[in-house]
Amino acid sequence: VIVTMVMMVQITANALMRTLFREPLPYTLEITQYWYMPVVAFLGFMAAQRRGQHIAADLIFQALPRGTKRAVLAALYLLAAVALAGMAYYGWHEAIKAWEIRKHAGISPLPAWPLYFLPSLAFGVMTVQFVAAAIGFIRHGVGLSIEEAELQSVDLEDGVPHTPQHEER
């Protein structure tokens, strides 16, 4: 949210400076494209997974028996974890290449190589998140829908399963 707000302020300031004074802020496009947007996107992916807010289409899933739901979700989450681990691995090699040549944002002197490490970090974190979710589905079972399964957690104080919908806000 903070990065999005800073990006909006910079873009607005750039538009005002360009319109009113015919002098835009330098490298606003490059900063937005190479710095703000990757941070917003990749941190957003991790936050959405942490909150169980990724889109789920559970039409077929609803028809499965309860025990099968647990196995299907665990298998799919482990498959997703393998794919994410592969993307993290590939992203790491691309980041090393960008670092070695000190890649810049377009033709500007603004460095872009540091952000090449962000996909690897994000996909690595999401790999761990998906493995943890798969383990949770295996250990604790699932509710009536994918969303309930993703939101289900165990209260460490009393050991009673609950979902965030039942918590006080």
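These are my notebook entries on a predicted model of one protein chain.

**Ground rules.** I number residues from 1 along the chain as its sequence is written, and I leave out hydrogens and water, so that side-chain values use heavy atoms. Since the model is predicted, I take local features at pLDDT of at least 70 and side-chain atom pairs at pLDDT 80 or more, while totals for chains, interfaces and linings use all residues.

**Overall layout.** I looked up the secondary structure and found six helices and two strands. Helices here are DSSP runs of H or I with at least four residues, strands are runs of E with at least two, and both are numbered from the N terminus. Along the sequence I read the pattern α-α-α-α-α-α-β-β.

I then looked at burial, where buried means under 20% relative accessible area, exposed means over 50%, and partly exposed lies in between (1.4 Å probe, protein chains only). Buried residues make up 30% of the 169 residues. The accessible surface comes to about 11300 Å², by the Shrake-Rupley method with a 1.4 Å probe, where for residues only the protein chains shown count as cover. Carbon and sulfur atoms hold 68% of that surface.

For contacts I use heavy atoms within 4.5 Å. Of the contacts between residues at least 6 apart in sequence, 62% join residues at least 24 apart.

**Helix 1 and the loop after it.** Helix 1 covers residues 2-21, and Gln10 lies in it. I list Gln10 as buried, because its relative accessible area is 14%. Setting aside neighbours within four places in sequence, I find Gln10 in contact with Leu25, Thr28, Ile31 and Tyr36. For the pair Gln10 and Thr28, I note 18 residues of separation in sequence and a C-alpha to C-alpha distance of 7.2 Å.

Met8 is also placed in helix 1. At a relative accessible area of 43%, I enter Met8 as partly exposed. Together with Val1 and Met5, Met8 forms a nonpolar surface patch with about 340 Å² of accessible area in total. A patch takes residues with over 30% relative accessible area and no salt bridge, joining like charges within 9 Å and nonpolar side chains (Val, Leu, Ile, Met, Phe, Trp, Tyr) within 5 Å.

I checked phi in the loop between helix 1 and helix 2 (28-51), where Arg22 lies. Arg22 has phi near 55 degrees, a positive value in a residue other than glycine. I count Arg22 as exposed, since its relative accessibility is 71%. Tyr27 sits in the loop between these helices too, and phi of Tyr27 is near 65 degrees, again positive in a non-glycine residue. With a relative accessible area of 38%, Tyr27 goes down as partly exposed.

**Salt bridges.** I required a side-chain nitrogen of Lys or Arg within 4 Å of a carboxyl oxygen of Asp or Glu, and the count came to one. The side chains of Glu94 and Lys97 form it, at 3.4 Å from N to O. Both residues lie in helix 4 (residues 66-100), three residues apart, or about one turn of the helix. Glu94 is partly exposed at 24% relative accessibility; Lys97 is partly exposed at 47%.

**Helix 5.** I compared the length of helix 5 (residues 117-140) with expectation: its 24 residues should span 34 Å at 1.5 Å a residue, and its end C-alpha atoms are 34 Å apart, which agrees. The expected span is 1.5 Å times one less than the number of residues. Among the buried residues of helix 5 I note Phe123, Met126, Thr127, Gln129, Phe130 and Phe137.

I looked further at two of these. Thr127 has a relative accessible area of 14%, so I count this residue as buried. Beyond four places in sequence, Thr127 is in contact with Ala81, Leu84 and Ala85. Gln129 is buried at 17%, and outside the same sequence window Gln129 touches Met46, Gln49 and Arg50.

**Annotated spans.** The unreviewed UniProt entry gives "transmembrane region" for residues 71-92 and 112-138. UniProt positions are in the numbering used here, feature names are shortened, and annotations may be inferred rather than shown by experiment. In the model, residues 71-92 are 100% helix and 0% strand, with end C-alpha atoms 31 Å apart. Residues 112-138 are 81% helix and 0% strand, and their end C-alpha atoms lie 41 Å apart.
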